[in-house]
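Trainee: Could you take me on a close look at one part of this model, the space shut away inside? After that, I'd like to hear how the surrounding strands and helices are put together.

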Amino acid sequence: MKDSANGLKHNDGLVTSPTSSPAAIIQTESAVKPSLRKRKPISLPLEVGTRVLCRWRDGKLHPVKVIERRKLSTGPDDYQYYVHYNEFNRRLDEWANLEQLELESVEADADEKVEDKAGGLKMTRHQKRKIEETHAEEGHEDFDAASLREHEEFTKVKNISKIELGKYEIETWYFSPFPPEYSDCNKLFFCEFCLSFMKRKEQLARHMRKCVLKHPPGDEIYRQGSLSMFEVDGKKNKIYGQNLCYLAKLFLDHKTLYYDVDLFLFYILCECDERGCHMVGYFSKEKHSEEGYNLACILTLPPYQRKGYGKFLIAFSYELSKKEGKVGTPERPLSDLGLLSYRGYWTRILLDILKKHRGNVSIKELSDMTAIKTEDVISTLQSLDLIQYRKGQHVICADPKLLERHLKAAGRGGLEVDASKLIWTPYKEQGG
Ligand code: ACO
Ligand code: ZN
């Protein structure tokens, strides 16, 4: 895979902050029927690799795999197990106590360890098979098996479990490679304005008395009511860019953290009040993308998710592309939530135009009007059954009833970007 991104490069993901509902969960692997065959005496502590049922926060038992274990100080035989729920995205991996595990259900045919010669990593046959077979479907098709394995081995256990940011305490989703001195912290405290992070609340309180920032460092390029967008140049604000990458990685799985943020611009969306401009989410964009990417990473912080900000950020990235006179596409692979958000956005935008033009519009015209790359136009229309391939050409078949049905299913439009409020010149024109 190519390692470009803004400090961060991709992967997939699932559930959310304490504010989100279990209904927001997307299943990424088909449910595995727990098998109770081949019983053998269970010995404790359980081995890494054990498959067992675990009681999740919904009160129900779900099949999991033990990824790691740790000794507790409460007694010589007390352990906690870091488990991955087969049915859910890695963001739901967590430390489980023995009481949560249904020991009756331990599968006897626990994966046998095999040495992976190429990667030098201890892998089970099952892991190897899974990596080879399933990653395409999870949106990891850009990863070769070796780099994916390395990624999963290195990032298998979340290091920071919570952060404090502004008025929110947020549960994290994934591993993020904070400097080693932070590796013993369960919780980190972020300054919501400069994104400096600290180990202790008192340090943050001291910092807040000194920190002069009340908004991201950079130019405000959009204001609409209490919403503002700031453009931060990674070269001019290196530390801010790096801090943002550390923070964002906690919610983005398959992104590799890079320290070279010079090559990126960061667009920070804020809700502003008398106390300052509070970050809601952001996207990053390469200053020059050879692949035609108009967005590298996108994130809405968990407390603000499912309110339309993601679609706003996506729409904003296309408004920038329109100003540049280019079409664009997001960097791949997309996460599960990223794909859902993009599909929803593309569907709504394209179908609105098709409806207005009663279907009399070409793919090229759709792309020109929206700055959405033609491949994304085609794949969206294909997924909706609105396009056919005839005599070597794609033909749009926009039945009004079908359009209406898809538009209804596409859900809310989200917050609109008012292009007249965007005050911005593309990067190269700034002489950079
Ligand atoms: N469950 C089901 N559907 C969801 C969920 C969810 N948890 N989250 C978003 N969606 C879908 C819905 O269709 C939603 O529209 P609706 O609410 O009208 O039904 C649509 O996506 C977008 O909703 P928004 O409220 O506009 O988006 P949000 O502010 O929640 O942000 C984002 C979406 C940015 C993907 C967010 O989920 C996020 O930050 N996730 C973690 C990081 C990530 O995965 N980023 C994308 C990586 S890909 C890349 O960076 C190129
Ligand atoms: Zn600060």
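Mentor: Let's begin with the word itself: a cavity is a set of grid points where a 1.4 Å probe fits but cannot get out, and its lining residues are those with an atom within 4 Å of such a point. Keep in mind that what you're looking at is a predicted model.

Search the whole structure for cavities of 30 Å³ or more and you get 1. The volume of the largest cavity is about 60 Å³. Who lines it? Going along the chain, you meet Tyr82, Arg90 and Asp93, then Thr155, Lys156, Val157 and Lys158, then Trp173, Tyr174 and Phe175, and finally Asp253. Sort that lining by class and you get 5 nonpolar residues, 5 charged ones and 1 polar one.

Take Tyr82 as our way out of the cavity: this lining residue falls within strand S3 (residues 79-85). A quick reminder before we follow the strands: strands of a sheet pair through backbone hydrogen bonds, either parallel or antiparallel. S3 pairs with strand S2 (residues 61-71) in the antiparallel sense, over 7 bridges. Arg70 sits opposite Gln80 of S3. S2 is also antiparallel to S1, with 5 bridges between them, and Cys54 has His62 of S2 as its bridge partner. The hairpin of S1 and S2 has 5 residues between the strands, and Gly59 there takes a positive phi near 85°. Step back a little along the chain and you reach Pro45, in the segment before strand S1 (51-55). The peptide bond from Leu44 to Pro45 is cis, with omega near -5°.

Now for an open sheet of 4 strands, ordered S9-S8-S10-S11, where the pairing is mixed. S9 and strand S11 (197-198) are at the edges with a single partner strand each, so one side of each has no neighbour in the sheet. Where does the mixture come from? Look at S8 (residues 162-165): with S9 (residues 168-171) it runs antiparallel, joined by 4 bridges, while with strand S10 (residues 187-190) it pairs in the parallel sense, again over 4 bridges. You can trace the partners residue by residue. Lys162 stands opposite Glu171 in S9, and Leu165 stands opposite Tyr168 in S9. On the S10 side, Ile163 has Leu188 as its bridge partner. The S8 and S9 hairpin has 2 residues between the strands, and Gly166 takes a positive phi near 60°.

Further along, 5 strands make another open sheet, and here the pairing is antiparallel, in the order S12-S13-S14-S15-S17. Its edges are strand S12 (219-224) and strand S17 (298-300), each of which pairs on one side only. From one strand to the next, the twist averages 20°. Zoom in on the S17 end: strand S15 (residues 276-286) is antiparallel to S17, with 3 bridges, and Tyr282 has Leu299 of S17 as its bridge partner. Helix H5 (residues 309-324) packs on this sheet, and its direction makes about 50° with that of S15. H5 touches S12, strand S13 (227-233), strand S14 (264-273), S15 and S17. In the loop between S17 and H5 you'll find Arg306. Its phi is near 60°, a positive value in a residue other than glycine.

Keep walking and there's a second proline to note. Pro333 is in the loop between strand S18 (329-330) and helix H6 (336-356). The peptide bond from Arg332 to Pro333 is cis, with omega near -5°.

Last stop: helix H7 (residues 363-370) and helix H8 (residues 374-383). Their axes come within 9 Å and cross at roughly 115°, and the crossing is right-handed. H7 brings Ile363, Leu366 and Ser367 to the contact, and H8 brings Thr374, Val377, Ile378 and Leu381. By class, that contact has 5 nonpolar residues, 2 polar ones and no charged ones. Set that beside the cavity lining, where 5 of the residues are charged.

Technical notes: Residues are numbered from 1 along each chain as its sequence is written. Chains are lettered from A and ligands numbered from 1 in the order in which they are written. This is a predicted model: local features need pLDDT of at least 70, side-chain atom pairs count only at pLDDT 80 or more; totals for chains, interfaces and linings use all residues. Side-chain values use heavy atoms; hydrogens and water are left out. On a 1 Å grid over the protein atoms alone, a cavity is a set of points where a 1.4 Å probe fits but cannot get out, and a pocket is an open set with protein on both sides within 12 Å along at least five of seven lines; lining residues have an atom within 4 Å of a point. Grid points are joined across faces, edges and corners, and a volume is the space filled by probe spheres set on the points. Ala, Val, Leu, Ile, Met, Phe, Trp, Tyr, Cys and Pro count as nonpolar, Asp, Glu, Lys and Arg as charged, and the others, Gly among them, as polar. Axes are lines fitted to C-alpha atoms, for helices over the stretch in contact, and angles run from 0 to 180 degrees between N-to-C directions. A crossing is left-handed if the near helix is turned anticlockwise from the far one by less than a right angle, and right-handed if clockwise. Contact means heavy atoms within 4.5 Å. Two strands pair if DSSP finds at least two bridges between them.
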